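The report below describes a two-chain model, beginning with the sheet that the chains share and then turning to the contact between them and to the fold of one chain.

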Amino acid sequence: MKNYEIRLSGSGGQGLILAGIILARAAVIDNLRVTQTQSYGPESRGGSSRADVIISDQEIYFPEAQAFNCLLALTQEACDKYLFDLREQGTLIVDTTYVKNLAMAAEKTYELPFTEIAIEKLGSAITTNIIALGFMVRLIKVVSEESLAQSLRETVKPAFIDLNIKAMNLGFELADNYGK
Amino acid sequence: MPNSKKTTKTTKAAAKETKAQQTDTALKELESKSKRKNVLMQGNEAVSYGALDAGCNFFAGYPITPSTEIAEILAAELPKRGGVFIQMEDEIASICAITGASLAGAKALTATSGPGFSLMQEGIGFAKITETPCVVVNVQRVGPSTGMPTSPAQGDIMQARWGSHGDAPAIVLYPDSVKECYELTIRAINLSEKYRTCVILLLDEVLGHMRESVRLPDMENVRVINRIKPTVPPHWYKHYDENQKYLSPLASYGEGYRFHVTGLTHDALGFPTNKATEGAEMMERLRKKISYNIRDLVQIESHQLEDAKIALFAAGISARSAKAAVAIARSEGVKVGLLRPLTIWPFPDEAVRKMLQHVETVIVPELNQGQLIHEIKRLTKDKSDSNVIGLQRVNGKMITPNDILRKIKEVM
């Protein structure tokens, strides 16, 4: 497996870096090599934020994603900024709660109102990141789902494990039913 | 009374439980001292665990992005292990506190970033002239001044060498991976103890915050060096006694040894002196303990240089860009290699001279307006420096492998 490059993008407070850490830790559990980097402003909420995860079975030299195999965009700004760095066969996942215009339709484009679904089904937008992460992992299968669940348990605070497992499973379900 | 006792117990048990829940996977991994497994770890975490494994038992600092996690982790971990963590009022106080702690026998470390590093310069000079072991971690961010706190830059390479006034040598280490953050933190502490000086560990913002899959070495494979203690009775003790290779034993306050510590030029007992001979002797001592031990101090990585026509010279995170560029260039049949210093000061003159004999061109990618490149130019034999080419970036973004490849194609 050559480098598989993922960018999770949106704005500060949407939990993208946490999602990146959970995904990266799942890759470690699967005995793969991984780097996870991030970029964010000095503010703790708002401003643009992104997390990159590169997964490989070889040594990873440059740790930032450059040509994405998969891009998750939770805001219009992030989508506009990074869309054109998606590989030709790459997977694009957008949150239509905030992304209203797609400047370019990737071949594999998945559009769902993740934030609205989080509020409606789980009572809060706070789980948007994990719903989207579950959705992504079922689609791209870059880590095993067992490892993702284990990583999630090891990473989030104990009080939030159940809620996040629910969110992850909801993400899986949404992927199975997509387009049906 | 029995009631209050019970309450204490319950509170303690509750606290213990909360702590257990908060224990991070990486930390659990650290606590198992052998058969360590692969874990996901951040550069700053690796620095903290390296410090703990090297025996650091004192941290005084003023938390600053992008080094904050080091203070955060050591604040939680040092007290558990009988160590001390103090959050100081500023960085001047921080460097002074770790110097004082070290004189009392502690293995002391602080962590900061550019603005704090500037404030620490006078204290670093004091640690050097008083030959007091300590380590300063500087996770660099964009400057000058407060710059861009969450973006990478390599602007402090020369400051790490020349930041303090006066003319003292420096030992500065520079990792390029999370694993090396761990290893070089241990090495920095070891070298500070061995050479009785302030050792600086430079990190890049990206590396401090980056997470990677790493397997730390088992504790039985970690080599820890402790300062040499005097064997003479207290009345014979000289604080700056010239021993083999200019490394002399160091007593701690509180052990019955009396010594004087001053930032003024001093004699072997530590008392101020204005005598030319004694002043020269002290300066020679500071110089020689570094320059007579270059082989012990300098570490480099030679990456695919054997048959290279074009060499890259890069340190820290820019070396990761360079390694990616080497891999792509090689896949296209272009003979490129990389020389990477793990020790940037003292500068690896010998390795660079050897490289310059074999390659036609050297490209120096760095996240500043040109600092390391001047060291390469200094070593070019014929003083013509047209074959040493800079690649610089100061906008808070990393140099990409493609930036380097473009430069390689320009010079081909």
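## A sheet shared by two chains

In this predicted model, eight strands form an open sheet with mixed pairing, in the order E6(A)-E5(A)-E4(A)-E1(A)-E3(A)-E2(A)-E8(B)-E1(B). Its edge strands, each of which pairs on one side only, are strand E6 (108-112) of chain A and E1 of chain B. With direction ignored, neighbouring strands of the sheet are turned by 20° against each other on average. Helix H1 (residues 16-29) of chain A packs on this sheet, where it touches strand E1 (4-11), E2 and strand E3 (48-56) of chain A as well as E1 and E8 of chain B, and the direction of the helix makes about 10° with that of E3(A).

Strands of a sheet pair through backbone hydrogen bonds, and the pairing is either parallel or antiparallel. Both kinds appear in the two pairings set out here.

| Strand pair | Direction | Bridges | Citation |
|---|---|---|---|
| E2(A), residues 33-40, with E8(B) | antiparallel | two bridges | |
| E4(A), residues 68-73, with E5(A), residues 86-95 | parallel | five bridges | |

Where E2(A) is joined to E8(B), Gln36(A) stands opposite Arg211(B), a residue of E8(B). Within chain A, Phe68(A) has Leu86(A) in E5(A) as its bridge partner.

## The contact between the chains

Chain A and chain B each bring 21 residues to their contact. On the side of chain B that touches chain A, the elements giving two or more residues are strand E1 (38-42), helix H9 (205-209), strand E8 (211-215) and helix H12 (317-331) of chain B. H12(B) gives the most to that side, with five residues. By type, the residues on this side of chain B divide into nine nonpolar, eight polar and four charged.

## Chain A as a whole

Chain A has six helices and six strands, which follow one another along the sequence in the pattern β-α-β-β-β-α-β-β-α-α-α-α. The radius of gyration of chain A is 15 Å, close to the 16 Å that the globule rule gives for 180 residues, so the chain is as compact as a globular protein of that length. Taken along the principal axes, its C-alpha atoms fill a box of roughly 40 × 40 × 40 Å. Of the 180 residues in chain A, 51% are buried. Among the contacts in chain A with a separation of 6 or more, 60% are between residues 24 or more positions apart.

Terms used
Residues numbered from 1 in each chain as written. Chains lettered and ligands numbered in written order. Predicted model: local features only at pLDDT ≥ 70, side-chain atom pairs only at ≥ 80, totals over all residues. Helix = DSSP H or I, 4+ residues; strand = E, 2+ residues; numbered from the N terminus. Rg over C-alpha atoms; globule rule 2.2 N^0.38 Å. Buried ≥ 20, exposed ≤ 12 C-beta atoms within 10 Å, placed from the backbone. Contact = placed C-beta atoms within 7 Å. Nonpolar A, V, L, I, M, F, W, Y, C, P; charged D, E, K, R; others polar. Pairing = 2+ DSSP bridges. Axes fitted to C-alpha atoms, helices over the stretch in contact; angles between N-to-C directions.
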